[in-house]
Amino acid sequence: MSSRERILGRVRRALADVPPGEDSPVERGYLRRHGEGGASKTVALLAENLAEYRALVHRCAVGELPGVVAGLLAARGARSVLVPAGLDEGWLARSDVRRVADRAESTPAELDRVDSVITGCAVAVAETGTIVLDGSPDQGRRRITLVPDHHICVVRVPEQVVSSVPEALERLDPRRPLTWISGPSATSDIELDRVEGVHGPRTLEVVLAG
Amino acid sequence: MSGTFVGMPAFPEAARAAVSDETLRGNLRHATHTIRAKRAKAVAEVADWAQLREAGKRIKDHTLRHLDRYLVRLEESVTAAGGTVHWAADADEANRIVADLVKATGEREVVKVKSMATQEIGLNEALEAEGIRAYETDLAELIVQLGKDRPSHILVPAIHRNRGEIRDIFRREMGRWGRPAPDGLSDAPADLAEAARLHLREKFLRAKVGVSGANFMVAETGTLVVVESEGNGRMCLTLPETLISVVGIEKVVPTWRDLEVFLQTLPRSSTAERMNPYTSMWTGTTDGDGPRVFHLVLLDNGRTDTLADEVGRQALRCIRCSACLNVCPVYERAGGHAYGSVYPGPIGAILSPQLRGTASEVDASLPYASSLCGACYEVCPVAIDIPEVLVHLRERVAEGGEAVRDGNKVLLRPAKGHAAERAAMRAARWAFARPGALRAGQRLASRTRRLHPRTLPGPGRAWTAGRDLPAVPSEPFRDWWQRTRGGRDGER
Ligand code: SF4
């Protein structure tokens, strides 16, 4: 007998007390979102929660993006920036930083030598201060937002912002590789003292554009 | 389950040693009190916490009651998405599968994300025996591995170490495993984290094989979920060419939508955050992004035996948040190591004896490692009635009875040396029987406090003294333990 059959057989014997045909639907008495509020309140909540988890939050109109991005890269002293294939070229129009394409052939060591990365996002969750990447063309492979030490993420507001985790899951496609990011990486492993920045980017800048 | 720490004394002896270690007690008290307060705040922020908790409980119960169906569905979904599914009945089989998969890649080292399942099966040691080195990459796991130590907390495995000890371990050991600690390393947490970043980075960048567990597996989509903070998980899940995930069969949930409950309750219960810094979700393999090869090893290792116990099976709802550890007065005083298993605290006291059986002295003593104060149940995000299971397991230890081991029904004999327990249990049942509905839906522990006679006759007196002591937290554990010897006076 294969282990598969053995385990499934054990499960079925263990559940001998479950009446055949039992199918209790799960009641979901919880809320779809917490609190009411229009789009501008939701965006404000996102900004507040992102900042509380030590992301650096910036707000601008879409037309101001090229200037804001150029300013962030310059302030960081970045000499190179990873750019996903489908990113809006215009966002980097005013930056004279060396652009590194997101390519399958790049080795992790090569990515490690790039200073910054800029991406869009799939959705942002206000209640938890979370941005979610789904590997779409403006976000690129998962590793490009992991290895460089500085991540700039552009969120188009209000259209990409939802209130809650349930609303975010509704918008996401599980077949895509998803990365939920809530602030820069952190650890509390030493005496439960929170330290920002372990392996992921130590600086996360979120630009709320719109 | 091969995760028993060899030569582990039974809980009472191990706990006695731990409570006399002042550093350990101080570290634990500080840590558990800090996180406890934060968690309460994070939970209070959510108006529908009770409903989320209830839904989480029901989703897990529903899944467990149809586990065969959901495992088969999961296998189909993962396979359709490009992954390969393996089934492992026990620890040895899981270790063999993983070792063979690693060897097939030609690699001799793997990077690992913290995973309770791989600790439970002793994967690192099994790989070592095959000439494969497994590098732990979670900061706390790194501290434990470098310190040749054992984890003592689910979430913060090095909770028993303070910053000075960690600095000393890094200075002494990092060089032997790879990049040494920077010269003049201080004991500031930020500096220690930086040392770990540098030490592990070279390993991540060259790793070809990653090994992980998972917090959730979604049957309908084949999606696996890893919840983490440091980014070491993302490194292990996305940089290597081959990914091997070892996951207990109870981690499956039916639908994508079910994640909306646990992604709200898990972070708030464990790290007391609205959301943890990183959550990775992947479904099979994706062309051009992340590992090209994905293996999922579904692990039984005592879980189906646990499932066979109608009272005890609720332990399989556990999402390993560790909230129950942080509120437990016994854990706070005894520390994680006393539980003799990778699962410490209240959840360990009900899970280990079910996964491993109660043949060993430590496992037979675990159901007694509690004062039944009920705080664990109050904080549990999937409402596991830990006191109820503890009492149930105590009865099984003391009286023997039917259980399932390795898929077979066995008749357990009453544990030797628990004569006092047997007498006490008989008396307690007599008392419980009077007011009628023992399972009327109220909590057993509070019922115990209200209805239990203050003392039981004969040898049972010692039992009540230990068990029915609502004031355990206000009495030093050592004194309590000495006074009652863990309630085992009767036999000595
Ligand atoms: S038993 Fe409940 S509180 Fe304890 S770790 Fe599991 S889910 Fe968390």
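This is a guided tour of a structure with two chains, A and B, moving from whole chains to single residues. Keep in mind throughout that the model is predicted.

**Stop 1: chain A as a whole**

Begin by selecting chain A and colouring it by secondary structure, where you should find 5 helices and 12 strands. The radius of gyration of this chain is 21 Å, well over the 17 Å that the globule rule gives for 210 residues, so chain A is more spread out than a compact globule. If you turn the chain along its principal axes, its C-alpha atoms fill a box of roughly 70 × 45 × 40 Å.

Now switch on the surface of chain A, which exposes about 8,600 Å², with carbon and sulfur atoms supplying 50% of that area. Of the 210 residues in this chain, 56% are buried. Among the contacts in chain A with a separation of 6 or more, 71% are made by residues 24 or more positions apart. If you then colour the charged side chains, you will have 27 positive and 30 negative ones to look at, and the centres of these two sets lie 5 Å apart.

**Stop 2: an annotated span in chain A**

Select residues 100-208 of chain A, where UniProt, in an unreviewed entry, places the feature "domain: LUD". Within this span the chain is 11% helix and 33% strand, and the C-alpha atoms at its two ends are 24 Å apart.

Inside chain A, zoom in on the peptide bond between A:V157 and A:P158, which is cis, with omega at about 0°. You will find A:P158 in the loop that runs between strand 7 (150-156) and strand 8 (161-162) of chain A.

**Stop 3: helix 2 of chain A and the loop after it**

Next, select A:N49, which lies in helix 2 (residues 39-52) of chain A. Is A:N49 buried or exposed? Its relative accessibility is 3%, and A:N49 therefore counts as buried, since the cut-off for a buried residue is under 20%. Show what surrounds this residue, and you will see that, leaving aside residues up to four places away in sequence, A:N49 touches A:A126, A:E127, A:T128 and A:G129, as well as B:R274 from chain B. For a distance across the chain, draw a line from A:N49 to A:P166: the two are 117 residues apart in sequence, and their C-alpha atoms are 17 Å apart in space.

Then move along to A:R54, in the loop between helix 2 and strand 1 (56-60) of chain A. Although A:R54 is not a glycine, its phi is positive, at about 70°. With a relative accessible area of 49%, A:R54 is partly exposed.

**Stop 4: chain B as a whole**

Now turn to chain B, which has 23 helices and 12 strands. Buried residues make up 66% of the 492 residues here, and the accessible surface comes to about 16,600 Å², of which 50% belongs to carbon and sulfur atoms. The UniProt annotation "domain: LUD", again from an unreviewed entry, covers residues 73-285 of chain B. That span is 45% helix and 19% strand, and its end C-alpha atoms lie 18 Å apart.

**Stop 5: helix 8 of chain B**

Select residues 139-146 of chain B, which form helix 8. How many of its 8 residues are buried? The count is 8 of 8, and the helix is mostly covered; among these buried residues are B:L139, B:E141, B:I143 and B:Q145. To see what covers them, show strand 10 (186-187) of chain A, and then, from chain B, elements including helix 6 (116-120), strand 3 (133-136) and helix 10 (189-206). Just after the helix, look for B:K148, whose phi is positive, near 45°.

**Stop 6: two last residues in chain B**

Select B:E399, which belongs to helix 19 (residues 386-399) of chain B and counts as partly exposed at 26% relative accessibility. A line from B:E399 to B:M217, 182 residues away along the chain, spans 38 Å between C-alpha atoms.

Finish at B:D406, in the loop between strand 11 (401-405) and strand 12 (408-412) of chain B. Its phi is near 50°, a positive value in a residue other than glycine, and at 53% relative accessibility B:D406 counts as exposed.

Terms used. Residues numbered from 1 in each chain as written. Chains lettered and ligands numbered in written order. Predicted model: local features only at pLDDT ≥ 70, side-chain atom pairs only at ≥ 80, totals over all residues. Heavy atoms only, no water. Helix = DSSP H or I, 4+ residues; strand = E, 2+ residues; numbered from the N terminus. Buried < 20%, exposed > 50% of the residue type's maximum accessible area, 1.4 Å probe, protein only. Areas by Shrake-Rupley, 256 points an atom, 1.4 Å probe, with all protein chains shown as cover. UniProt positions renumbered as here; feature names shortened; annotations may be inferred. Rg over C-alpha atoms; globule rule 2.2 N^0.38 Å. Contact = heavy atoms within 4.5 Å. Lys, Arg positive; Asp, Glu negative; His and termini not counted. Charge placed at Lys NZ, Arg CZ, Asp CG, Glu CD.
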